[in-house]
Amino acid sequence: MSRIILLEEKLIVGSAESGHEILASMVGQYLANTYDRKGIPSLTLAARAQELVEWNSLVPSTLSTSYYQEDAKQSWEIAEKTYKGFSDKVIYLKRDLKDSVALIISKAFADHEVNIELIDENIRNHQVMKERLDSLGTSYETVSFEEMVSAPHAILTSTLHKLRPIGDIEISMEVVEEVVTASEVRGLREDAESPYAEKVGAWADVLTVEQAKYIDQKAIELGL
């Protein structure tokens with residue numbers, strides 16, 4: 001008897017440097033290891049899972065308008081048309097705003113003075129993403145970046161369960177372990193001895209304590 005396949009594309013949303021692509025990449029790595037598709041980039045495999053391995057696709061997006069045409073599914077224009085009223089198909093990867101802002105500044109504005117104006121500019125980009133996300137509806141699931149870093153097996157497994165085409169496909173914990181071991185995710189813990197600038201608590205290398213407190217207050221005010 002052939003199995004019934006019901007496919008629905010899903011969207012994983014996060015602001016720049018939020019970690020949403022890390023989770024999508026781990027999903028792609030799981031599918032690559034399970035279905036021997038290791039020649040395909042992990043993000044591509046996650047986003048094209050429907051056609052490549054008959055799983056629900058997971059498309060990462062910052063909900064911006066600047067994606068190239070070949071990545072049109074990631075753009076706000078396409079996301080709004082596809083997911084407005086269907087926010088239950090959306091996963092929001094939420095990260096400490098201080099870390100996201102600090103990483104963007106360190107990578108894109110390394111030669112600039114870190115002041116309130118620069119911080120506000122980057123906070124505004126996060127605010128736009130969240131406003132667009134909320135306009136799709138409020139049934140989306142929120143996943144914490146910090147929780148993903150501290151418990152990657154649980155978060156990856158939970159995400160894979162949401163992407164299975166049918167309920168009786170078992171998730172291989174052996175492959176989950178392979179993916180987590182190969183990923184940089186464990187090196188993103190705050191106490192990890194690793195070279196990754198993206199790890200939890202990265203803000204402390206870029207922001208002053210006063211600037212960090214300012215961002216925390218703005219996050220509360222703006223629901224970020």
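Colleague: Quick one to start: is Glu 177 buried, partly exposed or exposed?
Modeller: Glu 177 is partly exposed, with a relative accessible area of 31%. Keep in mind that this is a predicted model.

Colleague: OK. And which residue forms a salt bridge with Glu 177?
Modeller: That's Arg 186, and the closest N and O atoms of the pair are 3.6 Å apart.

Colleague: What about the accessibility of Arg 186?
Modeller: Arg 186 has a relative accessible area of 32%, so it counts as partly exposed.

Colleague: How many salt bridges are there by this rule?
Modeller: The count comes to 13. Some of them share partners, and that joins Glu 17, Lys 107 and Glu 198 into one network.

Colleague: Can you show me one that links distant parts of the chain?
Modeller: Sure, take Glu 141 and Lys 162, whose closest N and O atoms are 3.3 Å apart. Glu 141 sits in strand β4 (residues 141-144) and Lys 162 in helix α8, with their positions 21 residues apart in the chain.

Colleague: Are those two buried or exposed?
Modeller: Neither, really. Glu 141 is partly exposed at 28%, and Lys 162 is partly exposed at 31% relative accessibility.

Colleague: Which salt bridge does Lys 10 form?
Modeller: Lys 10 pairs with Glu 8, and their closest N and O atoms are 4.0 Å apart. Lys 10 has 13% relative accessibility, so it counts as buried. Glu 8, on the other hand, is partly exposed at 39%.

Colleague: Let's switch to helices. How do α8 and α9 pack?
Modeller: Helix α8 (residues 152-163) and helix α9 (residues 173-182) pack at an angle of about 125°, and their axes are 10 Å apart.

Colleague: What do you call that arrangement?
Modeller: Oblique: that is the word for how α8 and α9 lie relative to each other. Their crossing is right-handed.

Colleague: And which residues meet there?
Modeller: From α8 you have Pro 152, His 153, Leu 156, Thr 157 and Leu 160, and they meet Met 173, Val 176, Glu 177, Val 179 and Val 180 of α9. By class, the residues of this contact are seven nonpolar, two polar and one charged. Among the α9 residues there is Glu 177, which you asked about at the start.

Colleague: Nice. What about α5 and α6, at what angle do they cross?
Modeller: Helix α5 (residues 97-108) and helix α6 (residues 116-136) cross at roughly 115°, and their axes come within 10 Å. This crossing is right-handed.

Colleague: Who meets whom in that one?
Modeller: On the α5 side there are Leu 97, Ser 100, Val 101, Ile 104 and Ile 105, and on the α6 side Leu 118, Ile 119, Asn 122, Ile 123 and His 126. That makes seven nonpolar, three polar and no charged residues.

Colleague: Tell me about Ile 104. What is it in contact with?
Modeller: Ile 104 lies in helix α5. If you leave aside its neighbours within four places in sequence, Ile 104 is in contact with Ala 16, Glu 17, Phe 109, Asn 122 and His 126.

Colleague: Buried or exposed?
Modeller: Ile 104 has 14% relative accessibility, so it counts as buried.

Colleague: How far apart are Ile 104 and Glu 17?
Modeller: Their C-alpha atoms are separated by 6.9 Å, while along the chain the two are 87 residues apart.

Colleague: Where does Glu 17 lie?
Modeller: Glu 17 is in the loop between β1 (10-13) and α1 (20-35), and it counts as partly exposed at 25% relative accessibility. Its phi is positive, about 65°, although Glu 17 is not a glycine.

Colleague: What is phi like at Asp 36?
Modeller: Asp 36 has a positive phi near 55°, and this residue isn't glycine either. Asp 36 lies in the loop between α1 and α2 (42-47). With a relative accessible area of 61%, Asp 36 is exposed.

Colleague: Last one: where is Glu 184 found?
Modeller: In the loop between α9 and α10 (209-222). Glu 184 is partly exposed at 29% relative accessibility. Apart from neighbours within four places in sequence, Glu 184 is in contact with Ile 22 and Tyr 196.

Colleague: And how far is Glu 184 from Asp 168?
Modeller: The C-alpha atoms of Glu 184 and Asp 168 are separated by 30 Å, with the two residues 16 apart along the chain.

Conventions: Residues numbered from 1 in each chain as written. Predicted model: local features only at pLDDT ≥ 70, side-chain atom pairs only at ≥ 80, totals over all residues. Heavy atoms only, no water. Axes fitted to C-alpha atoms, helices over the stretch in contact; angles between N-to-C directions. Helix = DSSP H or I, 4+ residues; strand = E, 2+ residues; numbered from the N terminus. Parallel < 35°, antiparallel > 145°, perpendicular 65-115°, else oblique. Left-handed = near helix turned anticlockwise from the far one by under 90°. Contact = heavy atoms within 4.5 Å. Nonpolar A, V, L, I, M, F, W, Y, C, P; charged D, E, K, R; others polar. Salt bridge = Lys/Arg side-chain N within 4 Å of Asp/Glu carboxyl O. Buried < 20%, exposed > 50% of the residue type's maximum accessible area, 1.4 Å probe, protein only.
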